[in-house]
Amino acid sequence: MNQQKIPATVITGFLGAGKTTMIRNLLTNAGGKKIALIINEFGDLGVDGDVLKGCGAENCTEDDIIELTNGCICCTVADDFIPTMTKLLEREQRPDHIVIETSGLALPQPLVAAFNWPDIRTQVTVDGVITVVDSAAVAAGRFADDHDAVDARRAEDESLDHESPIEELFEDQLTCADLIVLNKTDLIDAAGLIRVRDEVASRTVRKPVMIEARNGEVSAGILLGLGIGTEDDVANRKSHHELEHEDGAPHDHDEFDSFVVELGPVADPASFIAALRTIISTHDVLRLKGFVDVSGKPMRLQLQAVGSRIDHYFDRAWGASEKRATRLVVIGLHEMDQDAVRAAIEALA
Ligand SMILES: Nc1nc2c(ncn2[C@@H]2O[C@H](COP(=O)(O)OP(=O)(O)OP(=O)(O)O)[C@@H](O)[C@H]2O)c(=O)[nH]1
């Protein structure tokens, strides 16, 4: 059978950069293309899947959205990603395009390398890797860690081979990019944007094209059809980990942790959110997202925090047979005091 290879676009970027928002927008302007979506997130709540399934795009139905939930996609390539792709390719109605959203903590390199596996390589090609950047977070210095503090930590613990986990991951995701989307430009001014461009450019050797966006609004014509074949170029995009461990020592996400907090109904969402903001900044929570059961309201409140910036909106009515609950996933560095964060959030309802 001589079938054309199906193009697959990999969308990566740090926690909260705007990947899901961009994909949601993409699904609404992809023309007649039938898209299959593979999504992976860090944390056990499946918020991204819920958001994307809720957008009701005809060219990407619930059946076309596959969630990989057994950990970060870059670490579960063999056990999770390859079997999922194989099944997808066996479907009678094959998609025109595959879009893969990595978790915000994933290294895209092992995923791209998986497209060289014999069974996959003959059927699919990586159309391009798109790295979404939170421009406001870059402008706020979120990825330029305090090198003195990091050096002090390394002096205390010689086993630390990383410079700083956040900075390193940010660079690894840029290193793999064919296209960089500088998102959230609404949150910074023109001078800030120039500084963000310079900083992002200084962290990439290959200098991929950079475009600007707000709310992930980029036309499908730009995102799909890059035609790169990135799997042939993995050797030029090595992550810090690959450069440091040429022997293939496994990479992990030990520096990051996530947990889910479940609590009862919230009576006053405004003060709940204000209190969460304080908890997030006190404990340096990187990302918090989920759904809130607001007392007396038929609608579910979706909550999205990236650092201490919190967005919230009523996204849909609770289902008749659905258990109403407030469930939030919290993601931070390993040293975050989980017990204290959990207790502080639980005390709010
Ligand atoms: N102000 C502003 N907010 C944005 C923009 N793009 C996304 N957001 C908001 O940022 C938050 C995180 O967006 P997501 O699309 O969920 O980010 P993500 O990269 O998928 O996050 P993870 O999957 O957790 O890594 C949401 O509250 C979005 O509404 C933007 O351009 N401007």
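**Two domains and the ligand between them**

Reader: Asp284 lies in the loop between α12 (269–283) and β9 (287–292); what is its phi?
Author: This is a predicted model, in which local features need pLDDT of at least 70 and side-chain atom pairs count only at pLDDT 80 or more, while totals for chains, interfaces and linings use all residues. Residues are numbered from 1 along each chain as its sequence is written, and the helices (H or I, at least four residues) and strands (E, at least two) are DSSP runs numbered from the N terminus. Asp284 is a residue other than glycine, yet its phi is positive, near 55°.

Reader: Is Asp284 buried, exposed or partly exposed?
Author: The class depends on how many other C-beta atoms, placed from the backbone, lie within 10 Å of a residue's own: 20 or more make it buried, 12 or fewer exposed, and a number in between partly exposed. Asp284 has 14 other C-beta atoms within 10 Å, so it counts as partly exposed.

Reader: Which residue in the loop between β7 (209–212) and α10 (220–223) has a positive phi?
Author: The residue has a phi near 50°, a positive value in a residue other than glycine. With 14 other C-beta atoms within 10 Å, this residue is partly exposed. Its place is in the loop between β7 and α10, and the name is Asn215.

Reader: How confident is the predictor in the chain, as a mean pLDDT?
Author: pLDDT is the predictor's confidence in each residue, on a scale from 0 to 100, and where pLDDT is low, the predicted coordinates should not be read in detail. The model scores ipTM 0.99 and pTM 0.94. Of the residues of the chain, 94% reach a pLDDT of 70 or more, and the mean is 91.

Reader: How far apart are the C-alpha centres of the two domains?
Author: The domain assignment, which is an automatic or database one, gives domain 1 (6–244) and domain 2 (256–346). The contact between them, where two residues touch if their C-beta atoms, placed from the backbone, lie within 7 Å, takes 13 residues from domain 1 and 15 residues from domain 2. The C-alpha centres of the two domains are separated by 25 Å.

Reader: Why does the ligand lie between the two domains?
Author: A residue counts as near the ligand if its C-beta atom, placed from the backbone, lies within 6 Å of it. Of the 22 residues around the ligand, the nearest are Gly18, Thr20, Thr21, Gly104 and Gln304. The ligand lies between the domains because residues of its shell come from both domain 1 and domain 2.

Reader: Which element gives the most residues to the shell around the ligand?
Author: Two or more residues of the shell come from each of α1 (19–28) and β10 (299–306). The element that gives the most, with 3 residues, is α1.

Reader: Where does Leu15 lie, and how far is its C-alpha atom from that of Leu286?
Author: Leu15 is in the loop between β1 and α1 and counts as buried, with 24 C-beta neighbours inside 10 Å. Not counting residues up to four places away in sequence, Leu15 touches Gly104, Leu105, Leu286, Arg287 and Ile331. Although Leu15 and Leu286 are 271 residues apart along the chain, their C-alpha atoms are separated by 7.6 Å.

Reader: How many of the 11 residues of helix α8 are buried?
Author: The buried residues of α8 include Ile166, Leu169, Phe170 and Leu174. They pack against several elements, among them β1 (6–12), β5 (124–134), β6 (179–183) and α9 (190–202). Helix α8 (residues 165–175) is largely enclosed by the rest of the structure, because the number of its buried residues is 8.

Reader: In which strand is Ile180 found?
Author: Ile180 is buried, with 24 other C-beta atoms within 10 Å. Apart from residues up to four places away in sequence, the residues that Ile180 touches include Thr131, Val133, Leu174 and Met210. The strand in which Ile180 is found is β6.

Reader: What distance separates the C-alpha atoms of Asp257 and Met336?
Author: Asp257 has its place in strand β8 (residues 256–263), and it is partly exposed, with 17 other C-beta atoms within 10 Å. Leaving aside neighbours within four places in sequence, Asp257 is in contact with Gly332, His334, Met336 and Gln338. Asp257 and Met336 are 79 residues apart along the chain, and their C-alpha atoms are separated by 8.1 Å.
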